[in-house]
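User: Could you walk me through this model? I'd like to start with how the chains sit together and then zoom in.

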Amino acid sequence: MPGLDALPLPTVQQVIFVMIAGATVTGALITALAPNLFHNALGLVLTFFGVAGVYVLLEAEFLAVAQVLIYVGAIATLITFAIMLTRGMMFGRTSSTNRQMLPVAIISVLLFLVLMGLLIHINWPQVGAQLGDSEQMIADIGELFVTTYLVPFELMALMLLVALAGAILLARDN
Amino acid sequence: MVPLNWYLVLAAFVFCTGLYASLARRNAIAALMGIELMLNAVNINLVAFWRYGEHVERMEGQIFALFVIAIAAAEVAVGLALVISVYRSRRTVNLDELDLLQG
Amino acid sequence: MQYWGTTLTDFFTGLGLPHAAAVAIAFILGATVLAIFAPTLALGLIWITRKVISRIQDRIGPNRLGPYGLFQTVADAAKLLTKEDINPANADAVAYNLAPVLSVFGVIMSLAVMSFAPGIIGADLSVGVLYLVALGSLGILAALMAGWSSNNKYALLAGFRVIAQLLSYEIPMVLAMLLPVLLVGSMRLGTLSAFQSLEIAGFNIGLGWLVFMMPAAFLIYFISALAEGEQTPFDLLEAESELIAGFHIEYSGMKFAMFFLAQFLNSFFLGAIAVMLFLGGYQGPFVDQLPLLGVVYFLGKAMFVYVVIQWIKGTFPRVRIDQMMGFAWKVLTPAVLGLILWQMVAMKLPVSIWVQYGLILAGNLGALAIIVLLLQRHLVREEIRTKRAFEPKSLIGTMRPVQPSGD
């Protein structure tokens, strides 16, 4: 067969990427399209895991674990909690989308097509730089947080505190 | 290695589904989930650009992604608290029924 | 110290296999051993639990099948697997069937980073400790899914309790795990275990356990781990009398067996994590000369912690939910935050390393003393209040006629 050996064989990493991307895309589609709110949340969890897998492929292990810890452990749990608390809304006969559904769908698909057309045609780098020791990278992140990024880091801490207090105040039953 | 634009296309797809979910869904919690999807897409881009960039030792992409994660946590906490308090007073979390300000 | 994967790979390449195939075979072999190890371990754990609990309650326990009733759990497992598998009519099929799988998955995955002996560790991740914490969140998710999808109000109530309890106790647990990580300066579980050696005259007696330096951190971890593993006195999630076994009430047969397996393995692994972080891991006398001895030390210590957990299960009453939440937020979390602050200051002082260790120990003992004193005062006051409430004399003069309520 002519031309077959001219096709570049996918590497192991590329095969793994396609699998992870498949899971992420499936999760994202379930999140956006499934009518049942609880299934949306499960799809969201699948996406979070997929994104964590993407981080592992990008050799950002710390970020991958932080992603699972915060997104799956805290954010997805909170969302599920809210779904349970407002579960009266789930079994209504109204449709799960609003009036803007059609234009929004068209815009989203168009945006994706435009972005993809742009992204494919630009000559991006194919190979990343060599990384150092993964343990040293974690130490570097920690050090950067208290040196270069000290002010944003402290502001973030303050914001989390304010958000926490605000959330308690808002959700409290009086 | 995986070419950079594969990651970027994946992120673009997740972003667009998030956009759709946050604008077209009637339920407030579903819209919040759409915002989470968009934030995740941004994070994929940040980390991918960091990995394929020239200064990997500066860790900018990872640190920005961590900031985004923290902000997402705060956003979800406040957003869900709002949803729950709205549900308590109006017995609905459908965004198009919350039109008190519509005069 | 040689990594087990390298040894196996060298062995297979010696047989004439290409390198990639040798690596693949070595890792598949390792994963298979761990995957078989987990259910076998669970059978043993269930037998130990039943024996220990029955001895505490002055019974004999299983004694019919095999020596000391050793095969009773095997028979029980066979019974569970052949039972009818019931799906509730209005259950959410996807979540209902996924929840038990997810709960077992989350628990068994933690085997991947357990350091059994020098060099015998599935994958010495640079984020090992954090990885274990992240897996814990899968358990929360599984319980939540089970509670929601069963379409049963008791299961749902238990689901709410799961979130409240596990998220609250995750905070002191993670912060307590941070203390050894801070001291060692690494999240690799292999490095953490290797750090806890103690050399006397050039000979490693393997007793440099961190629990001797940070007893308060160990206690905080252990108490939080009891809550995370849903063990007495924090087993409100399955409180038979109120919630009729909690979130897995609707499950039967195989799926119930998976929750059961996950729970027993989880409490064992939480003990094993305590061993790796605080009780020296595989360290013990002669472990440098004979690395495989480390497996014996590690499993022995983990089993000891497990028996202590069962001992607590047999002797403690269940706490009330407000007491439980109050304890996590008002006692454990401030204490462990104080410990972290103290340890960071101590480690930055310009003194010799042994003085720093001494300061950390002093801080831990101080924290323990403060906690015990405060708890004692609180409990004494609580006791007086309860006594007053129930003493007939003190009620005279304060009694009011009962107001008829609206409903």
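User: How far apart are the nearest C-alpha atoms of chain B and chain C?

Analyst: Keep in mind that this is a predicted model. In it, chain B and chain C do not touch. Their nearest C-alpha atoms are separated by 14 Å.

User: OK, so which chains share the most contacts?

Analyst: There are 2 pairs of chains in contact. One contact takes 19 residues from chain A and 21 residues from chain C. The other uses 71 residues from chain A and 66 residues from chain B. The pair with the most contacts is chains A and B.

User: On the side of chain A that touches chain B, which helix supplies the largest share?

Analyst: The contact draws 71 residues from chain A. Helices H1 (12-33), H2 (37-57), H3 (61-85), H4 (101-121), H5 (134-145) and H6 (150-171) of chain A each put in at least two residues. The largest share is 11 residues, and it comes from H3(A).

User: And what's the chemistry there: how many residues of that side are nonpolar?

Analyst: Sorted by class, the side of chain A that touches chain B has 2 charged residues and 18 polar ones. The nonpolar count is 51.

User: Now the other contact. Which helix of chain A gives the most to the side that touches chain C?

Analyst: Here chain A brings 19 residues and chain C brings 21. On the chain A side, H2, H3 and H5 each give two or more residues. By class, that side divides into 12 nonpolar, 5 polar and 2 charged residues. The biggest giver, with 12 residues, is H3(A).

User: What pattern does chain A follow along the sequence?

Analyst: Chain A has 6 helices and 0 strands. Of its 174 residues, 34% count as buried. Read along the sequence, the pattern is α-α-α-α-α-α.

User: Let's move to chain C. What is its radius of gyration?

Analyst: Chain C comes to 14 helices and 4 strands, and its C-alpha trace spans about 90 × 65 × 40 Å along the principal axes. For 407 residues, a compact globule would be near 22 Å. Chain C agrees with that, at 24 Å.

User: What share of chain C's contacts with a separation of 6 or more joins residues 24 or more positions apart?

Analyst: For background, buried residues make up 41% of chain C. As for the contacts you ask about, the share from residues 24 or more positions apart is 74%.

User: Is Leu141(C) buried or exposed?

Analyst: Leu141(C) lies in helix H5 (residues 128-149) of chain C. A residue counts as buried with 20 or more other C-beta atoms within 10 Å of its own. Leu141(C) has 24 of them, so the verdict is buried.

User: Which residues is Leu141(C) in contact with, leaving aside neighbours within four places in sequence?

Analyst: Leu141(C) is in contact with residues of chain A as well as one of chain C. The chain C partner is Leu102(C). The chain A partners are Val45(A), Val72(A), Ala76(A) and Thr77(A).

User: Last one: how many of the 14 residues of H8(C) are buried?

Analyst: Helix H8 of chain C covers residues 215-228 and reaches 20 Å from first C-alpha to last, close to the 20 Å expected. Its buried residues include Phe218(C), Tyr221(C), Phe222(C) and Glu228(C). H8(C) is largely enclosed by the rest of the structure, because the buried count is 12.

Key. Residues are numbered from 1 along each chain as its sequence is written. Chains are lettered from A and ligands numbered from 1 in the order in which they are written. This is a predicted model: local features need pLDDT of at least 70, side-chain atom pairs count only at pLDDT 80 or more; totals for chains, interfaces and linings use all residues. The radius of gyration is taken over C-alpha atoms; the globule rule is 2.2 Å times the number of residues to the power 0.38. Two residues are in contact if their C-beta atoms, placed from the backbone, lie within 7 Å. Ala, Val, Leu, Ile, Met, Phe, Trp, Tyr, Cys and Pro count as nonpolar, Asp, Glu, Lys and Arg as charged, and the others, Gly among them, as polar. The expected span of a helix is 1.5 Å times one less than its number of residues.
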